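I opened the notebook to jot down what I looked up in this one. The plan was to take the overall picture, then a handful of residues.

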Amino acid sequence: MTYKIGLVLDEERLKLIKGTELEKETKDLFGGALKMIDVEVTEEQAKKLMHLFPRVRIDARGYVEETPIAFRKALFKSVVSNGNKKEALEVILSDENILKEIKDMASKEDEYIPPP
């Protein structure tokens, strides 16, 4: 089974993907007030995320939720730099240095939640 991670796009993020294939994949949220792109997640990747971040859960729609903000920021950055959503998630999950940095930043989120 495959799941999804929804990356919400603000105006700055929309500017970064303007004119790319990613822009064509955006979906409207809240009547178009926000935009989002979906990143597919395999069952193995979902299990790894749940192991790495204890708060992660899968909701009834099949979306992986409660991931740290640091993870979502890194995933968006990886999506933009790779241009390929499938590879972007795999790059993050296979790089121990990136994961360590995300975990360090995520541990600070309990004290202060940064803006997404």
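**Fold order.** I read along the sequence and got the pattern β-α-α-β-β-α-β-β-α-α-α for the protein chain. Next I checked the radius of gyration: 14 Å, close to the 13 Å that the globule rule gives for 116 residues, so the chain is as compact as a globular protein of that length. I note here that this is a predicted model. My tally of elements is six helices and five strands.

**Whole-chain numbers.** I looked up the extent of the C-alpha trace, which spans about 35 × 35 × 25 Å along its principal axes. How much of the chain is buried? I found that buried residues make up 39% of the 116 residues. For contacts between residues at least 6 apart in sequence, I have 61% joining residues at least 24 apart. The exposed area came out at about 7,500 Å², with carbon and sulfur atoms supplying 53% of it. I also looked at charge: there are 20 positive and 23 negative charges, and their mean positions sit 1 Å apart.

**Val8.** I started the residue checks in strand β1 (residues 3-9), where Val8 lies. Val8 counts as partly exposed because its relative accessibility is 37%, which falls between the 20% and 50% cut-offs. I then looked at its partner Met36: the two are 28 residues apart in sequence, yet their C-alpha atoms are 4.4 Å apart in space. Beyond residues up to four places away in sequence, Val8 touches Arg13, Leu29, Leu34, Lys35 and Met36.

**Asp38.** Which strand holds Asp38? I located it in strand β3 (residues 34-41). Buried or exposed? Asp38 has a relative accessible area of 8%, so I filed it as buried. Its side chain has a polar contact of 3.0 Å with the side chain of Tyr63. Leaving aside neighbours within four places in sequence, I listed Lys4, Ile5, Gly6, Lys27, Tyr63 and Lys85 as the contacts of Asp38.

**Gln45 and Leu49.** Both of these took me to helix α3. I placed Gln45 there, with the helix covering residues 43-52, and I found Leu49 in helix α3 too. Gln45 is at 10% relative accessibility, so I counted it as buried. Leu49 is at 0% relative accessibility, so it also went down as buried. For contacts I again skipped residues up to four places away in sequence. On that basis Gln45 touches Glu40, Leu89, Glu90 and Leu93, and Leu49 touches Ile5, Val41, Val56, Val64, Phe71 and Leu93. Leu93 therefore turns up in both of my lists. I also looked up the pair Leu49 and Glu96, which are 47 residues apart in sequence and 13 Å apart in space, C-alpha to C-alpha.

**Phe30.** I looked at backbone angles next. Phe30 has a positive phi of about 50 degrees although it is not a glycine. Where does Phe30 lie? I put it in the loop between β2 (27-29) and β3. Its relative accessibility is 68%, so Phe30 counts as exposed, the cut-off for that being over 50%.

**Glu66.** Here is another positive phi on a residue that is not a glycine: about 65 degrees for Glu66. I found Glu66 in the loop between β5 and α4. At 43% relative accessibility I wrote Glu66 down as partly exposed.

**Thr67.** I stayed in the loop between β5 (64-65) and α4 (69-82), which is also the place of Thr67. Why did I call Thr67 buried? Its relative accessibility is 8%, and buried means under 20%. What does the side chain of Thr67 make a polar contact with? I traced it to the side chain of Arg72, at 2.9 Å. Leaving aside neighbours within four places in sequence, Thr67 is in contact with Val56 and Arg72. Val56 had already come up in my list for Leu49. Last, I took the separation of Thr67 and Ser94: they are 27 residues apart along the chain, and their C-alpha atoms are separated by 17 Å.

Definitions and conventions: Residues are numbered from 1 along each chain as its sequence is written. This is a predicted model: local features need pLDDT of at least 70, side-chain atom pairs count only at pLDDT 80 or more; totals for chains, interfaces and linings use all residues. Side-chain values use heavy atoms; hydrogens and water are left out. Helices (H or I, at least four residues) and strands (E, at least two) are DSSP runs, numbered from the N terminus. Buried means under 20% relative accessible area, exposed over 50%, partly exposed in between (1.4 Å probe, protein chains only). Contact means heavy atoms within 4.5 Å. A polar contact is a pair of N or O atoms within 3.5 Å; within protein, one must be able to donate a hydrogen and the other to accept it, and residues adjacent in sequence count only if both atoms are side-chain atoms. The radius of gyration is taken over C-alpha atoms; the globule rule is 2.2 Å times the number of residues to the power 0.38. Accessible areas come from the Shrake-Rupley method with a 1.4 Å probe; for residues, only the protein chains shown count as cover. Lys and Arg count as positive and Asp and Glu as negative; His and the chain ends are not counted. The place of a charge is taken as NZ of Lys, CZ of Arg, CG of Asp or CD of Glu.
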